[in-house]
Amino acid sequence: MRDKPYPRLEFSGADGERLFSVTGLEGSAPMLNALEGIARRPAPPRGETPAEARPEDIDPADPGFALLERLREDGTVVGIEAWRDGMRQHWSGKIEKLMPMGGHINIITPGFHLHLAADVVSEWREAADGWQALGQGGAPLGLTVGRA
């Protein structure tokens with residue numbers, strides 16, 4: 001992107017399915033230096049990259065977008081937690097800006113990046129302390145947004 005490499009590490013489960021990925025935003029050298037001496041192998045090709053979605057392709061009624069946009073507009077201080085097997089990420093603060101891009105609803109701050117695919121959240125289960133994202137089948141997605 002913009003003539004700068006953004007190396008990515010993909011972490012897979014025993015079944016070979018991707019659990020999560022980590023992208024180096026400072027180019028290749030810092031990531032390669034951090035991985036020196038650690039065994040790794042190239043990931044198999046993922047196939048064709050889908051066509052790039054435009055920001056206007058995100059439906060404002062998309063449940064993932066609608067809640068985050070409402071919290072941004074209200075200036076609510078939130079805690080966002082995302083987890084997968086082997087990874088847990090937490091951030092708290094005000095959502096200053098939502099950036100729909102490439103079919104994702106993005107929150108990008110200096111210390112936190114959330115790239116939530118559009119149409120993944122079917123609904124939010126509300127509790128006293130926040131919301132839990134549910135997928136199309138009603139199962140938790142591993143994403144919560146709390147009132148901080």
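**Exercise 1.** Which residues in helix 2 are buried?

*Solution.* The model is a predicted one, in which local features need pLDDT of at least 70 and side-chain atom pairs count only at pLDDT 80 or more, while totals for chains, interfaces and linings use all residues. Residues are numbered from 1 along each chain as its sequence is written, and side-chain values use heavy atoms, with hydrogens and water left out.

Begin by locating the element: the protein has two helices and ten strands, where helices (H or I, at least four residues) and strands (E, at least two) are DSSP runs numbered from the N terminus. Helix 2 covers residues 63-74. Next, apply the cut-offs for burial, which are under 20% relative accessible area for buried, over 50% for exposed, and partly exposed in between, with a 1.4 Å probe and protein chains only. In helix 2, the buried residues are Gly-64, Phe-65, Leu-67, Leu-68, Glu-69 and Leu-71.

**Exercise 2.** Describe Glu-69 and the two ends of helix 2.

*Solution.* Glu-69 has a relative accessible area of 16% and is therefore buried. Its side chain makes a polar contact with the side chain of Arg-72 at 2.7 Å; such a contact is a pair of N or O atoms within 3.5 Å, where within protein one must be able to donate a hydrogen and the other to accept it, and residues adjacent in sequence count only if both atoms are side-chain atoms.

At the N-terminal end, Asp-62 caps helix 2, with a side-chain oxygen 2.8 Å from the backbone nitrogen of Gly-64. Just after helix 2, Gly-75 takes a positive phi of about 70°.

**Exercise 3.** Find which element gives the largest share of the largest nonpolar core.

*Solution.* A nonpolar core is a set of buried Ala, Val, Leu, Ile, Met, Phe, Trp, Tyr and Cys residues joined through side-chain atoms within 4.5 Å. The largest one has 23 residues, and Leu-68, Ile-80 and Ile-95 are among those with the most contacts inside it. Elements that give two or more residues to this core include helix 2, strand 3 (77-84) and strand 10 (140-147). The largest share, four residues, comes from helix 2.

**Exercise 4.** Is Asp-119 buried or exposed?

*Solution.* Asp-119 is found in the loop between strand 7 (112-117) and strand 8 (123-127). With a relative accessible area of 58%, Asp-119 is exposed. Asp-119 also has a positive phi of about 70°, although it is not a glycine. Most residues other than glycine have a negative phi.
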